[in-house]
Amino acid sequence: MQERLPVGTRSRLRTLVGFSSILALLGLLALLGWGLRQTHAAQPDDGMAPGFTLTSFDGETTSLEELRGKVVIINFWASWCIPCRAEADDLEAMSRKYADDVVFIGVDYADTEKGALKFIEEYGITYFNGPDLGTRIASEYRIKSVPETFYVGKNGELQGLRIGPLSPGELEFKILELLDDR
Amino acid sequence: MRRRLLIVIMTMIAAGFAAPAMGQEPAPSDDQVNEIAGDLYCPVCPNTPLDVCETLACSEWREQIREQIASGMSESEITDYFVEQYGERVLAKPRRSGFSLVLWILPLVGVGVGLIALGGVLRTWRREQEPEAANTADDSAVSAEMRQRIEEELRNLS
């Protein structure tokens, strides 16, 4: 003969199980909601640019905060990305032309070091370039693909972004606009 | 004397041929590479295991794994390298530590709560059916008694 729990204990147990189930369900729904929000969140294109520190392939380190007062061009790229090749020459040419006023930062996204170094050598890239370890910077900027280019004004605020490869003349036009913005 | 010298020279020549062959390790096979790549996701193609992904990027990553195996890195060292480079999302199975532990525990908790709830529902159903069964049994007992009385009454009438 199976012994039954007292009626009060049974009722309390039932309430506890019910409450825990509802709590677990709510937690799961909250987690799903958070995930959906993260996935569909818009990319930042104004306001303060998310800060980051990047170590280059040469071992030098820079941070966005210490570049305040200068126009900064942040370009996300990868060696396996075909459209990145289309804009590589223009980026390098602009970085040389505006070396005194504009800082170029290449953020190598989800790439092999070997492939990245080959790409840098192939296009003779001289501006600051480093791997985005753990794709943390890409997550902060919510990039969807590569290439993507973010424009940061002298005040450290984002002044727009370009999804996809830059067309000829587009980058210089934007740089002049940012340099004029005092 | 001359014979000994010949043997020494022959041995040195043989050793010279054997040394590079012994020092040269065979390149890791595709199976060895895919064994590790199968536990990793492509960092850029959504939900695609690295061992079956056909993009150029994935083939570069597989080549990198091959080089890492050849350099003597263990499976966990290679996996750690990938996590450091591309984040935890490259792991096919989340780690059993930190926040990822929730992903392992949550389904078990869900199943546990589900089983408890199912047990509760089944118990309630059984309890509801027991009095009905008892009532049914009582009804049949009364009916038999009634039937007997009716039969007796009928007999008396006749």
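In this predicted model, helix α2(A) passes helix α5(A) in a right-handed crossing. The two helices, α2 (residues 82-97) and α5 (residues 170-180) of chain A, pack at an angle of about 30°, and their axes lie 10 Å apart. On the α2(A) side the contact is made by Asp90(A), Leu91(A) and Met94(A), and these meet Leu171(A), Glu172(A) and Ile175(A) of α5(A). Sorted by class, the contact has four nonpolar and two charged residues, with no polar ones.

Helix α1 of chain A offers another kind of picture. This helix runs over residues 7-40, and its 34 residues should span 50 Å at 1.5 Å a residue; the end C-alpha atoms are 49 Å apart, which agrees. Of these 34 residues the number buried is zero, so α1(A) lies largely in the open.

Turning to the interior, the largest nonpolar core has 54 residues. Ala78(A), Tyr109(A), Val146(A), Val152(A) and Leu50(B) are those with the most contacts inside this core. Strand β3 (residues 71-77) of chain A gives the largest share, six residues. In soluble globular proteins, nonpolar side chains tend to be buried together. Ala78(A) is worth a look on its own: leaving aside neighbours within four places in sequence, it is in contact with Cys84(A), Asp108(A), Tyr109(A), Ala110(A), Asp111(A) and Val146(A).

Two of these partners of Ala78(A), Ala110(A) and Val146(A), also take part in backbone features. The peptide bond from Val146(A) to Pro147(A) is cis, with omega near 0°, and Pro147(A) is found in the loop between α4 (136-140) and β6 (148-152) of chain A. Ala110(A), although not a glycine, has a positive phi of about 40°. This alanine is placed in the loop between β4 (102-108) and α3 (113-122) of chain A. With 22 other C-beta atoms within 10 Å, Ala110(A) is buried.

Chain B has a positive phi as well, near 55° at Asn47(B), a residue other than glycine. Asn47(B) sits in the loop between α2 (30-37) and α3 of chain B. Here the surroundings are sparser in the plain sense of the count: Asn47(B) has 7 C-beta neighbours inside 10 Å and therefore counts as exposed.

Finally, the contact between the chains takes 17 residues from chain B and 13 residues from chain A. On the side of chain B that touches chain A, the elements giving two or more residues are α3 (56-70), α4 (75-86) and α5 (101-157). The largest share, six residues, comes from α5(B). By class, this side of chain B has ten nonpolar, five polar and two charged residues.

Note on methods: Residues are numbered from 1 along each chain as its sequence is written. Chains are lettered from A and ligands numbered from 1 in the order in which they are written. This is a predicted model: local features need pLDDT of at least 70, side-chain atom pairs count only at pLDDT 80 or more; totals for chains, interfaces and linings use all residues. Helices (H or I, at least four residues) and strands (E, at least two) are DSSP runs, numbered from the N terminus. The expected span of a helix is 1.5 Å times one less than its number of residues. A residue is buried if 20 or more other C-beta atoms lie within 10 Å of its own, exposed if 12 or fewer, and partly exposed in between; C-beta atoms are placed from the backbone. A nonpolar core is a set of buried Ala, Val, Leu, Ile, Met, Phe, Trp, Tyr and Cys residues joined through C-beta atoms within 7 Å. Two residues are in contact if their C-beta atoms, placed from the backbone, lie within 7 Å. Ala, Val, Leu, Ile, Met, Phe, Trp, Tyr, Cys and Pro count as nonpolar, Asp, Glu, Lys and Arg as charged, and the others, Gly among them, as polar. Axes are lines fitted to C-alpha atoms, for helices over the stretch in contact, and angles run from 0 to 180 degrees between N-to-C directions. A crossing is left-handed if the near helix is turned anticlockwise from the far one by less than a right angle, and right-handed if clockwise.
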